[in-house]
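Here is a friendly walk through one protein model. Keep the sequence and the 3D view side by side as you read.

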Amino acid sequence: MIGAVNRGDNRPIEFSGFCIMLRVILCGSAGDGKSSLIGCLSATLRSVPGGAAADAGSGRHGDWGFAMERHFLSNGERRFLIGDAPGHERHTRDMLSGASAADVAVVLIDASRGVQSQTRRHGYLISLIGVRHVIVAINKLDAVAYSREVFERIRAEYSAFAGQIGMPEPRFIPVASLAGDNITAPSPNMPWYRGPTLLACLEALDPTDHGRSAKPFRMPVHQVAGSEAKEVTGMLAGGTVRAGDEVRVLPSGRRSRVARIAGGQASSVTLVLEDAIDVNPGDLVAAADAPPEVSDQFEATLVWTGDEPMLPGRPYLMKGAARTVPVVCTSLKYKLNVNTLEHVAAKKLELNDIGVCNINLDQAIPFDPYAENRETGGFVIVDRLTERTVGVGMLHFALRRSHNIHWQAVEVSKDAHAALKGQKPCILWFTGLSGSGKSTIANLVEKMLHAEGRHTYLLDGDNVRHGLNKDLGFTEADRVENIRRVAEVAKLMVDAGLIVLVSFISPFRAERRMARTMVKEGEFIEVFVDTPLAVAEQRDPKGLYEKARRGQLKNFTGIDSPYEAPEHPEMRLDTCAQSAVEAANAIVDRLRQARLI
C-alpha cells in the first residue's frame, strides 16, 4: 500500500506505507491451482472481515482488479491482501490491474503441464509493470510423484525466460496446494527441498520497502481551492515535501513555495502555496529542482485488453495520473510474441497483444518514464464511444521531434479568410454505403453553392485514393488511416475559410467522431445518405457489389466489412424517397438556416 502520511507541523509528507499489508497477486494459467493454494492459506491464517478493504487502498488504475477475487488474511502481525487473477486470456486486464499495485507476484505452474503461453504472458507483464518480488510456485508436485527432476526442469526453463525479460530473480518453491505441501509447513514428501515454505517467503517480505520516498517529489492535482493562497490537493506519487520547499507546477512551469501543509492522510494531501499562481486540476506539482519532462509525443508499451483491435490512427482517450486527454497511436512498431520474445511486425493489436508504439496526444503532459515512476509514467486507454478501458500502457520516453516542432503563429486567421469570402466555413461530411448516392448529391450541392458565389471544395473518396491516399488499401487499419488523412485536409480547408464537402463511405463511427472534434462546434454537419444495402447493391453503378459477392473484392463495406450507421447525424437523407436534386436542395436550405451561407 502506498499513501501519504502526515508526520507533523514541519515534518515531511512522504510517499510511504501506511499499514503493514502485503499485496499478493496469484497468477498463471487457468487450472494451475490458485484456488487450492488460497484455500490452504485460509486454513492456516485468520480471515479479516471485508471491511479491511479500506486498509487496502486502491491501485493506480482504480479498484484492485476488475473482477478479481480478493482475500484478506492475517497471521496476527501481518495482513495479506491476496488477489486471484483469472487465468483465462480474456481476463488479462484483471491480472494487470492487480499487478499494478502488487508487492509480490506468485506465479503458479502446474508441474504436470509445465510452462504455458499464459504463464509466460503473466510473467512478462509482471516484469513489465515492475513488481519487485516474484515467487514461482511449481504446483501439483503430487501429480508427478514429487519428482525433483520435473521441478528442476521447469525451474531451469522459467529461470531462462525470467533472465530474458529482465524479471527480478524469482524464488522457486515446489508445492502441492491441494495437499498443503510446502505452503504453510515443510513437506515430508519432498525431503530434497530444504528452502522456506511459501508462507515463510511472504512473511519475510517488507511491504513498506518501496524506495519511492527517495525519488523526486510528485503530486497530481485533483482539487484547487483558495484565493490569496492557493490550496492544492492531490495524491502523492513519489518523494517527500515539507513547508518551505520550492515547487513547480506543470505543464505551465510556474513556481512557488509550500507555505504549509494543511492536511495529509492515506488518501490525499493538501498543500498551501505562498503565491496565488494558476493551478488547475490535472496539473502536476513537482520538486522545482527535479521536474519531470513535458511532452505530447511518446514511445510506449501498450497491452491491449479491448475486444475490438487497436488500430493506428483511431482516436482514444488516455487517462494518466490526474488528467484525461485524447490520444492516437501514430505508428505500431511491433508486437511481442510472448513464447519466443520475438518482435513481430503488425498493423494492429488484438485482445491481449503486447506492442510498442508511438503515441500522440492533443496536449502536452508532464511525465516520468514508467521505469522511474509508475504513477506518472503509467496510463490506461479508454474507448471514446463506450468509455470502457481497452488498454494499459507504460511511457518510455518523449520523442525527440516533439521538442523540435512548435506551432507557428500566423497573421491571417480563419475568421479573416471566411470574411473575405463572405461565408462561414464548415465541413459537410457525406457518409453512406457505396452506391447510396453520396458523390452525386455532394456534387449537386457544390454546383448550387458555386452558382451562388460560395467558395467550396469537394473531397471525394475515389479521387483522393488516386493521390494522397493511393498507398492505402481497404483493410480496417487502412480505412482508419484513410479517414484520418482526409479529416486533417478538411480541417486545413476550413481554416482557409472554405465550405468543404467530404464524400467518403467512412464506415466507422470512431473516425467520423474524430473528424468532428477537429473543428469547432457547429462547423461539422454529418449527412447520412441512408440507402438500404439491397437498394445500393441493386444500383451498383461501378459493379463493385458483384465483384465482392464473387469474392474478387475483399473488405468491401456492407458485404464482408461492417458499416456503422450514424446514431445522431445532423441530416438524414432517404434516397429511396428523395431524388438527388431534392436532397441537395435540402442541404443548401440547412446551410441557410444555420446562417453558414
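Eight aromatic pairs are counted in this predicted model, where rings of Phe, Tyr and Trp (its six-membered ring) pair if their centres lie within 6.5 Å. One of them joins F151 and W192: the ring centres are 5.5 Å apart and the planes make 45°, so the pair is tilted (planes under 30 degrees apart count as stacked, over 60 as edge-to-face and the rest as tilted). F151 belongs to helix α5 and W192 to the loop between β9 and α6 (198–204), so to speak of the chain, the pair links distant parts that lie 41 residues apart.

A word on conventions helps here. Residues are numbered from 1 along each chain as its sequence is written. As the model is predicted, local features need pLDDT of at least 70 and side-chain atom pairs count only at pLDDT 80 or more, while totals for chains, interfaces and linings use all residues; side-chain values use heavy atoms, with hydrogens and water left out. Helices (H or I, at least four residues) and strands (E, at least two) are DSSP runs, numbered from the N terminus.

**How confident is the model?**

The mean pLDDT (the predictor's confidence in each residue, from 0 to 100) of the protein is 86, and 88% of its residues reach 70 or more. Among the elements, strand β9 (residues 171–174) has the highest mean, 97, and strand β1 (residues 3–5) the lowest, 35. Over residues 1–10 the pLDDT is below 50, and this stretch has 44 contacts beyond near neighbours in sequence (contact means heavy atoms within 4.5 Å). Where pLDDT is low, the predicted coordinates should not be read in detail.

**The seven-stranded sheet**

Seven strands form an open sheet in the order β4-β5-β6-β3-β7-β8-β9, and their pairing is mixed (two strands pair if DSSP finds at least two bridges between them). β4 (46–47) and β9 are the edge strands with a single partner each, so one side of each has no neighbour in the sheet. Strands β3 (residues 21–27) and β6 (residues 79–84) run parallel and are joined by six bridges; L22 has F80 in β6 as its bridge partner.

Helices α4 and α5 (residues 117–129 and 148–165) pack at about 40°, with axes 10 Å apart. Residues T119, R120, G123, Y124 and S127 of α4 meet E157, Y158, F161 and I165 of α5.

**The five-stranded sheet**

A second open sheet has the order β25-β26-β24-β27-β28, with parallel pairing. At its edges stand β25 (456–460) and β28 (571–574), each with a single partner strand, so one side of each is left without a neighbour. Four bridges pair β27 (residues 524–530) with β28 in the parallel sense, and D530 has D574 in β28 as its bridge partner.

**Helices against the sheets**

The table lists helix directions relative to a strand; axes are lines fitted to C-alpha atoms, for helices over the stretch in contact, and angles run from 0 to 180 degrees between N-to-C directions.

| Helix | Strands touched or crossed | Angle |
|---|---|---|
| α4 | β3, β7, β8 | about 165° to β7 |
| α5 | β7, β8, β9 | about 155° to β9 |
| α16 | β24, β27, β28 | about 165° to β28 |
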